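Reader: Before I rely on the vocabulary used for this model, could you take me through the reasoning behind each term?

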Amino acid sequence: MTRAYNFNAGPAAIPLEVLQQAQEQFVDYQGAGMSIMEMSHRSTFYEQVNNETQDLMRELFQIPENYHVLLLQGGASTQFAMLPMNLLTPGKVGAYVQTGAWADKAIKEAKVIGEMAVAASTASDSFMRVPRLDEIVVPENAAYLHVTSNETIGGTQFHEFPDTGSVPLISDMSSDILSRPVDIGKFGLIYAGAQKNLGPSGVTVVIIRDDLAADSPKSIPAMLRYDTHAKAKSLYNTPPSFSVFMMKLVLQWIKGKGGVAQLDQLNRDKTGLIYDAIDGSGGFYKGCAHTDSRSIMNVTFRMANEELEKLFVKQSEAEGFVGLKGHRDVGGLRASTYNAVTLESCQALAQFMKEFQQKNG
Ligand SMILES: *Cc1c(COP(=O)(O)O)cnc(C)c1O
């Protein structure tokens, strides 16, 4: 089998070693005579998977003791609603930094639940940058400030986070979680769907400070309350056991690679190759994001016209590349270089870009 050069935006590449390990354990999990998917989530086997996944997440991301690691369902999209349901209390406003398509979706859900304020917006720059920290204005009665650390579609990323004092800082880290070290203590809550950097879809990670998970408003149904899942250690109801198991294998793989700091360097090297191909092309390729807002997870770029972009996608597919077409809302091209995307894939892409330019430039 030849593995594709997988630049999919999500669900995305999973390390080959992890897939092979999962295959080995697929039919018979640790001699149990059944797969992990066929077991009770109350079994000792699964309890261990649940605990280990949370412990590894803590260890790798250096999450302080006073935070819970929750393994939930419903994707980051459910968090868009669950966050304001739990934390946007009457008389307060949910403050949002508007940086693109995903921030917009979070804002839309907050409006359904309560009062929303835009603390900063880069809409006038077509979302091709994140705001400077001094552009962010947090209202006095803010329940929290929400940022999207990495805008997967636009290809922008925060490289530093605002200090919000006593106002909890919240981040949607769906597309850059565990790609670089983060000072967790700055945040009240972090959430991420797993299908970009943590494994397959089906599980959503929420890292929440104890005081924010202490007591959700009584009007919220049990499944949508953070305190329900915090108290039950994410075993309130049947969890997505296979997805959690896969996530555990991915976390072990990250640990084996040397941890998050090592991945951060590797990710910079990977995207560096592609950004260099863009910047060294004399304008044949044009990076979308402003240089200081460039993402190390999603490289977005354009060419002179759509015909050329179409030809690029078509020829790249013939050479074994997958997922280079930009998001349907913005067009252009995008290479998603999440943790599991190999340096070799990025080298091959940079090489392909140079050859394509020679033929068509
Ligand atoms: C993919 C993505 C989402 C949506 O995640 P779902 O798990 O599909 O709900 C939300 N936010 C960001 C930043 C994303 O990249």
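Author: What follows is a conversation about a predicted model, in which each term is set against the value behind it.

Reader: What makes α1 oblique to α6?

Author: Helix α1 (residues 16–25) and helix α6 (residues 241–256) pack at an angle of about 135 degrees, with their axes 10 Å apart. Angles over 145 degrees count as roughly antiparallel and those from 65 to 115 as roughly perpendicular, whereas the rest outside the roughly parallel class count as oblique; the value of about 135 degrees therefore makes α1 oblique to α6. The crossing of α1 past α6 is right-handed.

Reader: Which residues of α1 and α6 meet, and how many of them are nonpolar?

Author: From α1 the contact takes in Glu17, Val18, Leu19, Gln21, Ala22 and Gln25, and from α6 it takes in Phe245, Met246, Leu249, Val250 and Trp253. By class, the contact of α1 with α6 has 8 nonpolar, 2 polar and 1 charged residues.

Reader: What makes β2 and β4 the edge strands?

Author: The open sheet of 7 strands is ordered β2-β10-β9-β8-β5-β3-β4, with mixed pairing, and β2 (67–72) and β4 (115–121) each pair on one side only, as edge strands. From one strand to the next, the twist averages 20 degrees.

Reader: How do you know that β3 and β5 count as paired strands?

Author: Pairing requires at least two bridges found by DSSP, and strand β3 (residues 93–98) is joined to strand β5 (residues 142–148) over 4 bridges in the parallel sense, so the requirement is met. Within this region, Tyr96 stands opposite His146 in β5. Helix α4 (residues 101–113) packs on the sheet and touches β3, β4, β5, β8 (169–172) and β9 (189–193), its direction making about 165 degrees with that of β3.

Reader: Why are β11 and β14 said to stand at the edges of their sheet?

Author: That open sheet has 3 strands in the order β11-β12-β14, and its pairing is antiparallel. Since β11 (286–287) and β14 (333–336) each have a single partner strand, one side of each is left without a neighbour in the sheet. Strand β12 (residues 298–302) is joined to β14 by 4 bridges, in the antiparallel sense, and Thr300 stands opposite Arg334 in β14. Helix α7 (residues 260–279) lies across β11, β12 and β14, and runs at about 10 degrees to β12.

Reader: How do you know that the residues annotated as "binding site" do not all gather at one spot?

Author: The annotation comes from an unreviewed UniProt entry and covers Ala76, Ser77, Trp102, Thr152, Asp172, Gln195, Asn237 and Thr238. These residues span 163 residues in sequence and their farthest two C-alpha atoms are 30.7 Å apart, so they do not all gather at one spot. One of them, Ala76, has its place in helix α3 (residues 75–87). The UniProt record also annotates residues 5–348 as "domain: Aminotransferase class V"; the end C-alpha atoms of that span lie 8 Å apart, and the span is 33% helix and 17% strand.

Reader: What makes the backbone at Pro11 and at Leu178 worth singling out?

Author: Most residues other than glycine have a negative phi, and most peptide bonds are trans. The bond joining Gly10 and Pro11, by contrast, is a cis peptide bond with omega of about -10 degrees, and Pro11 has its place in the loop between β1 (5–6) and α1. Leu178 is a residue other than glycine whose phi is positive, near 65 degrees, and its place is in the loop between β8 and β9.

Definitions and conventions. Residues are numbered from 1 along each chain as its sequence is written. This is a predicted model: local features need pLDDT of at least 70, side-chain atom pairs count only at pLDDT 80 or more; totals for chains, interfaces and linings use all residues. Side-chain values use heavy atoms; hydrogens and water are left out. Axes are lines fitted to C-alpha atoms, for helices over the stretch in contact, and angles run from 0 to 180 degrees between N-to-C directions. Helices (H or I, at least four residues) and strands (E, at least two) are DSSP runs, numbered from the N terminus. Angles under 35 degrees count as roughly parallel, over 145 as roughly antiparallel, 65 to 115 as roughly perpendicular and the rest as oblique. A crossing is left-handed if the near helix is turned anticlockwise from the far one by less than a right angle, and right-handed if clockwise. Contact means heavy atoms within 4.5 Å. Ala, Val, Leu, Ile, Met, Phe, Trp, Tyr, Cys and Pro count as nonpolar, Asp, Glu, Lys and Arg as charged, and the others, Gly among them, as polar. UniProt positions are given in the numbering used here, feature names are shortened, and annotations may be inferred rather than shown by experiment.
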